[in-house]
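I opened a fresh notebook page for this one. Here is what I looked up, in the order I went through it.

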Amino acid sequence: KVAAGALGKAAEAGDLQRVEELVGAKAPLDARGRYGRTPLIAAIANDKTDVALYLLAHGASAVATDKEKDGPLKWAAIRSG
């Protein structure tokens with residue numbers, strides 16, 4: 001069983017190899033971590049584009065929001081500014 005939060009931590013760190021391993025081990029793609037962020041939001045908020053694209057390609061929700069109701073699109077806009 002995959003530890004809760006492991007995918008979010010790997011996504012936040014930009015560790016694509018670990019993200020691939022965890023996704024392969026069936027880690028929940030939209031599990032909430034710090035600040036209610038999904039792994040996708042964590043990747044985007046930390047400029048880890050390769051990880052974000054990988055998560056999207058493997059079924060991560062593009063509409064899930066964090067505790068502040070900010071989703072991946074808003075985070076992408078914030079980070080691109």
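Before counting anything, I noted the cut-off: a residue is called buried when its relative accessible area is under 20%. With that in hand, I found that buried residues make up 37% of the 81 residues in the chain. I also kept in mind that this is a predicted model.

Next I looked up the secondary structure. I counted five helices and zero strands, and reading from the N terminus the order is α-α-α-α-α.

Then came the overall dimensions. Along the principal axes, the C-alpha atoms fill a box of roughly 35 × 20 × 20 Å. I checked the radius of gyration too: the chain has 11 Å, which agrees with the value near 12 Å for a compact globule with 81 residues.

How much of the contact list links residues 24 or more positions apart? Looking at contacts with a separation of 6 or more, I got 58% for such pairs.

On to the surface. I obtained an accessible surface of about 4800 Å² for the chain, and carbon and sulfur atoms own 54% of that. For charges, I have 12 positive and 10 negative side chains, with 6 Å between the centres of the two sets.

Last, I picked one residue to follow, E21. I located E21 in helix α2, which covers residues 16-24. Is E21 buried, exposed or partly exposed? Its relative accessible area is 41%, and since partly exposed covers the range between 20% and 50%, E21 counts as partly exposed. I also took a distance: the C-alpha atoms of E21 and L7 are 9.3 Å apart, with the two positions 14 residues apart along the chain.

Technical notes
Residues numbered from 1 in each chain as written. Predicted model: local features only at pLDDT ≥ 70, side-chain atom pairs only at ≥ 80, totals over all residues. Heavy atoms only, no water. Helix = DSSP H or I, 4+ residues; strand = E, 2+ residues; numbered from the N terminus. Rg over C-alpha atoms; globule rule 2.2 N^0.38 Å. Buried < 20%, exposed > 50% of the residue type's maximum accessible area, 1.4 Å probe, protein only. Contact = heavy atoms within 4.5 Å. Areas by Shrake-Rupley, 256 points an atom, 1.4 Å probe, with all protein chains shown as cover. Lys, Arg positive; Asp, Glu negative; His and termini not counted. Charge placed at Lys NZ, Arg CZ, Asp CG, Glu CD.
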